[in-house]
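I opened my notebook to look a few things up, one entry at a time. Follow along with me if you like.

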Amino acid sequence: MDRSIETRVDHEVENWLRWITRWRPATHRGRSRLCRQCFGSPIVAAAGLAVDVPHVVQHALSMRMRIVIDASVDEYTELNLPLLAHELNLSERRESARAYRPAEGLDPEFRGLDLDPQPTADAPYLFTFSELADQQPADLQPADPQPTPTQANDDDEQSALLPPLTPEEKAALSAELRLADTFATQVGRRVCAELTQQRPRLLAAIAQFVEPQVQALLADLESTLDSPLWPRNP
């Protein structure tokens, strides 16, 4: 596992280093709550980005490391946890029936962020991506009080995909979930250890590409603000 994690972390760090050269500070989007992926994240701390680094920069690296962890856990589940793998496959099939999923297919730096910017009082939304993501196909179609034979067959097939679990299967599934959680924790610790080794490269990129832009933004902001201690021109 160690060699695979090392290779994957190095690959995603290289992707992040290429991305950081194109990063520009955003001035049009605010956040109303803390990001659960980044606030207090051991991954961000291990990379040395926990202090005085813009959230978007932290988030881009955090989500790339989540790709590493998720891929490793998925492989472990498929190889060692058949009941959990089966349930996850069924869940993915159910999710695929949703009408629209705007959060899928995004680049790593955008995953986990709010789908919609904060609304303003003078510019209401006709719809939001979050609302579309919550809709099911039934919400988008008129109700049919009498299902057709084809619909009835589809419902029967869907029910056949989801048989009730026996108590023994539930206990086995819970045991596999605990094993998957334990493995994910182990992978996360290994990722943090690898990021600690990568920290000099990450901090050098911050100093070269991020810090000058932040300082320029602060200088521009300072030049446009009036201090109550400054004399005003008549």
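**Entry 1: a pair within one helix.** I started at E194 in this predicted model and looked up its exposure. E194 is buried, because its relative accessible area of 9% falls under the 20% cut-off. Its partner R190 is partly exposed, at 25%. The side chains of R190 and E194 form a salt bridge, with N and O 2.7 Å apart. Both belong to helix α7, and being 4 residues apart they are separated by about one helical turn. I jotted down a reminder here: side chains of opposite charge can pair when their charged atoms come close.

**Entry 2: pairs that reach further.** How many salt bridges are there by this rule? I noted 6 salt bridges.

I looked next at E75 and R8, whose closest N and O atoms are 2.4 Å apart in a salt bridge. E75 sits in helix α3 and R8 in helix α1, so this pair ties together parts that are 67 residues apart in sequence. E75 is partly exposed, with a relative accessible area of 40%. R8 is partly exposed too, at 22%.

Then I turned to R201 and E14, another salt bridge, at 2.4 Å from N to O. This pair links distant parts of the chain, with R201 in helix α7, E14 in helix α1, and their positions 187 residues apart. R201 counts as partly exposed at 32% relative accessibility, and E14 counts as partly exposed at 28%. I also found that D10 joins E14 and R201 in a network of salt bridges.

**Entry 3: the nonpolar core.** Which residues have the most contacts inside the largest nonpolar core? I wrote down W16, V57, V191 and L195, in a core of 32 residues. The elements giving two or more residues to this core are α1 (2-20), α2 (42-47), α3 (55-80) and α7 (167-224). The largest share, 9 residues, comes from α7. Apart from this core lies another, of 5 residues, including L81, L84, L173 and A180. A general note for the margin: in soluble globular proteins, nonpolar side chains tend to be buried together.

**Entry 4: W16 and L49.** I listed what W16 is in contact with, leaving aside neighbours within four places in sequence: L49, V57, A60, L61, R64, L202, A205 and I206.

L49 caught my eye in that list, so I followed it up. Is L49 buried or exposed? L49 is buried, because its relative accessible area is 0% and buried means under 20%. L49 lies in the loop between α2 and α3. Not counting residues up to four places away in sequence, L49 touches W16, V44, Q58, L61, L203 and I206. I checked L61 as well: L49 and L61 are 12 residues apart in sequence and 9.4 Å apart in space, C-alpha to C-alpha.

**Entry 5: where α3 meets α4.** My last stop was the crossing of α3 with helix α4 (residues 82-95). Their axes come within 6 Å and cross at roughly 120°, and the crossing is left-handed. From α3, the contact is made by T77, E78 and N80, while α4 brings P82, L84, A85, L88 and N89. By class, I noted 4 nonpolar, 3 polar and 1 charged residues in this contact.

Conventions. Residues numbered from 1 in each chain as written. Predicted model: local features only at pLDDT ≥ 70, side-chain atom pairs only at ≥ 80, totals over all residues. Heavy atoms only, no water. Core = buried A, V, L, I, M, F, W, Y, C linked by side-chain atoms within 4.5 Å. Buried < 20%, exposed > 50% of the residue type's maximum accessible area, 1.4 Å probe, protein only. Contact = heavy atoms within 4.5 Å. Axes fitted to C-alpha atoms, helices over the stretch in contact; angles between N-to-C directions. Left-handed = near helix turned anticlockwise from the far one by under 90°. Nonpolar A, V, L, I, M, F, W, Y, C, P; charged D, E, K, R; others polar. Salt bridge = Lys/Arg side-chain N within 4 Å of Asp/Glu carboxyl O.
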